[in-house]
Amino acid sequence: MASWDPAQYLKFEDQRARPAVDLLGRVDVTVPGDIVDLGCGAGNITRLVAQRFPGRGILGVDSSPEMLAKARAALPGARFVEGDIARFAPPAPPALIFSNAALHWLDDHAALFPALLGRLARGGVLAVQMPRNHGAPSHTAMVEVSRMPRFRDKLAKVVRESPVAAPAAYYDVLAPHAARIDLWETEYLHVLEGESPVVEWTMGTALRPLLAALDGEGERAEFLEAYATRVAAAYPKAADGKTPFPFRRLFLVATAR
Ligand SMILES: C[S@@+](CC[C@H](N)C(=O)[O-])C[C@H]1O[C@@H](n2cnc3c(N)ncnc32)[C@H](O)[C@@H]1O
């Protein structure tokens, strides 16, 4: 998998933190146990989770050594381990499994979500936020450009067209195992500054694997130019020079039986 660049990802730290704060606002943990942050990234959100539930053991899991190095520096009191979420097996059943903007990188949600719920202590909580903006131009433009004849052979296997299902699909797989489920979507209107801020935004996340699969700076520049042209047309600047960027996200909070 393409490596993560914490600096590029954190360019929009405030906007990316907002959904995690909104998710935390709906989480109540009433049973004893540790807290796990899956796909903890640079640890900036892990810190918010730790502050919200003081006194609990905190474990962050991520597959990126670059992100984990930042996380360890940001939160020395927590434990961070390198690993794949798909194979996550906690040492003891946690009271909360939290995951912000990470699980859309994994496949087979119909198996993954009930499995995560099953790893919790009885009465424990699974709290997840995932981007569901894959039908918007920021993401459809990526798919469109990756299908151009000069890119499609290299990118066909890398592009992820709709990694997050409709909310009801998560209800269906979790309901048989959950005591309570809270599911919702929010479309934020991020207001971004800079020349091509939507391209900068996706370069920190969804574009990474595509750019990494291309050969050399020339090919990457060609891809980015075709992508940036489409994105500029889809997200015009407002009169003040800023770029309003609508972005849809899916949230779920499920309590284990
Ligand atoms: C968009 S970042 C979000 C980081 C953090 N949760 C936040 O909200 O700032 C996604 C993170 O998920 C991690 N990730 C993606 N797939 C993973 C997997 N299969 N196992 C472990 N970590 C994964 C990446 O390394 C990255 O740090």
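How far is a nitrogen atom of the ligand from a polar backbone atom of Ser-63? The distance is 3.2 Å, and two other pairs join it in the table, where a polar contact is a pair of N or O atoms within 3.5 Å.

| Ligand atom | Protein partner | Distance |
|---|---|---|
| nitrogen | Ser-63, polar backbone atom | 3.2 Å |
| nitrogen | Ile-85, backbone N or O atom | 2.9 Å |
| oxygen | Asn-100, side-chain N or O atom | 2.7 Å |

On its own the ligand exposes 600 Å², and the protein buries 96% of that (Shrake-Rupley method, 1.4 Å probe).

A quick word on the source: this is a predicted model, with local features needing pLDDT of at least 70 and side-chain atom pairs pLDDT 80 or more, while totals for chains, interfaces and linings use all residues. Numbering runs from 1 along each chain as its sequence is written, and side-chain values use heavy atoms, leaving out hydrogens and water.

Now for the surroundings. The ligand has 19 residues around it, and the closest include Gly-39, Asp-62 and Asp-84 (a heavy atom within 4 Å counts). That shell splits into ten nonpolar, seven polar and two charged residues, with Gly counted as polar.

And where does the ligand sit? It takes up the space of the largest pocket, with more than half of its atoms within 2 Å of the pocket's grid points. A pocket here is an open set of points on a 1 Å grid where a 1.4 Å probe fits, with protein on both sides within 12 Å along at least five of seven lines. Its volume is about 890 Å³, the space filled by probe spheres set on the points.

Methods. 1 Å grid on protein atoms, 1.4 Å probe; cavity = no way out; pocket = protein on both sides within 12 Å on 5 of 7 lines; lining within 4 Å. Polar contact = N/O pair within 3.5 Å; in protein donor to acceptor, adjacent residues only side chain to side chain.
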